[in-house]
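Hi,

Here is the structure I promised to pass on. Have a look first, and my notes are underneath.

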Amino acid sequence: MEIFEFKPFDGIALSPLESKNIVDNKATTINLERDIGLYKENNGKVIIYFSDNIFEIDKEVLKHHMDRRSVLLINKNQDYYEAEVRTPNNYYKLVPIESGVTLEINGIHMHRIKGVNPLEDAKRKVRLARIRPGSNVLEIGTGLGYTTINSLKIGARKIVTIEKDENVLWLSERNPWSKELSSNKITIVVGDAFSILKEIDMKFDNIIHDPPRLTSSSISLYSKEFYENLFRLLKPKGVLFHYTGEPGRTKGKSLSSKVASNLKSIGFNVIGYDKYAMGIIAIKG
């Protein structure tokens, strides 16, 4: 298994609103509302003070950024760039939203943002998975790490989290709200979860399965064989939270019902479906 060494970005991040506050000479946060910013203007440049470091950037750059829909990064070398990754087939970026930041891939949000922000959604999933102090937790789908970080805050002893896409992890390193992923209690495994689960031999008290939307490329993460491995890895009376979303709801189709049926056929006791978190809660045994 390939282990990802998480290295939080050594610099600061600004949302468009934070850039605008600086341009307008207003009191502001920095790091996407996570920290307080102190700054001054000098000859067309803005000097920002944070954590015993000084970051300098042209005011014109901030003026340009305040009309963007992106996260502006400034490192200790005073280099700046937007938090995005372009590949031949995909476009990834961090997008500031009200009360947080989300990951966007090819224009599609990877978090729920209507009626709930990503951090609140992650807390709900952790509660439904019944994670407790001392829990050993497995998560499939690291993303920006919000669910993993909330498991850590509750007191999980050990968290193994699997992420297929290193571009996502690169962006999570640059998200101020993801920096706790550097904890020594967290192991980030890079690769296809369908294959990786077969290599894991430790047992878990709780599993959070947060797969991408059901498509031809992700169908293995909804298969009975995959669920059999989740069952194998759970301790007796261990709890699974399986996010399904509600695709096809307007057409009268129910993915959650199909998932629940498959889980029951393997031996899971399906407790129910949580409409708020859009996922199934099941227990082994």
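**What I found**

Let me start with a strand pair: E17 (residues 234-243) runs antiparallel to E19, and the two share five bridges. Before I go on, this is a predicted model, in which local features need pLDDT of at least 70 and side-chain atom pairs count only at pLDDT 80 or more, while totals for chains, interfaces and linings use all residues. Residues are numbered from 1 along each chain as its sequence is written, and side-chain values use heavy atoms, with hydrogens and water left out.

A word on the labels: helices (H or I, at least four residues) and strands (E, at least two) are DSSP runs, numbered from the N terminus. Two strands pair if DSSP finds at least two bridges between them.

**Around E19**

Within the E17 pairing, Leu 240 sits opposite Ala 282 of E19. E19 also pairs with E18 (residues 268-274), again in the antiparallel sense, over six bridges. There, Asn 269 faces Ile 283 of E19. The hairpin of E18 and E19 has four residues between the strands, and Met 278 takes a positive phi near 55° in it.

Is E19 (residues 279-284) mostly covered or mostly open? Mostly covered: six of its six residues are buried. Buried here means under 20% relative accessible area, exposed means over 50%, and partly exposed is in between (1.4 Å probe, protein chains only). In a regular strand, side chains alternate between the two faces of the sheet. In E19 both faces are covered, with Gly 279, Ile 281 and Ile 283 buried on one side and Ile 280, Ala 282 and Lys 284 buried on the other.

**Helix H8**

H8 (residues 255-266) is a helix of twelve residues that reaches 17 Å from its first C-alpha to its last, close to the 16 Å expected at 1.5 Å a residue (the expected span is 1.5 Å times one less than the number of residues). Its buried residues are Leu 255, Ser 256, Val 259, Ala 260, Leu 263 and Ile 266. Why do they count as being on the same side of H8? Because they cover an arc of only 130° around the axis, where the arc is that of the directions from the helix axis to the C-beta atoms.

Turned away from that buried side is a face with the exposed residues Lys 258 and Lys 264. The buried residues of H8 pack against helix H7 (224-233), E17, E18 and E19, contact being heavy atoms within 4.5 Å. Right after H8 comes Gly 267, with a positive phi near 130°.

**The cores**

A nonpolar core is a set of buried Ala, Val, Leu, Ile, Met, Phe, Trp, Tyr and Cys residues joined through side-chain atoms within 4.5 Å. The largest one has 29 residues, and those with the most contacts inside it are Leu 138, Ile 162, Ile 207, Phe 226, Leu 230 and Leu 263. H8 supplies the largest share of this core, five residues. Apart from it lies another core, of 24 residues, among them Ala 156, Ile 186, Ile 188 and Val 190.

Leu 138 has quite a list of neighbours: leaving out residues up to four places away in sequence, it touches Val 160, Ile 162, Leu 197, Ile 200, Phe 204, Asn 206, Ile 207, Ile 208 and Leu 233.

**Ser 218**

Ser 218 is in the loop between strand E16 (204-209) and H7, and at 4% relative accessibility it counts as buried. What does its side chain reach at 2.6 Å? The backbone oxygen of Arg 213. A polar atom of the same side chain of Ser 218 lies 2.9 Å from the backbone nitrogen of Thr 215. (A polar contact is a pair of N or O atoms within 3.5 Å; within protein, one must be able to donate a hydrogen and the other to accept it, and residues adjacent in sequence count only if both atoms are side-chain atoms.)

**Two loop residues**

Leu 32 and Glu 33 are both in the loop between E3 and E4. Leu 32 is not a glycine, yet its phi is positive at about 60°. Glu 33 also has a positive phi, near 75°. Leu 32 counts as buried at 5% relative accessibility, whereas Glu 33, at 48%, counts as partly exposed.

Cheers
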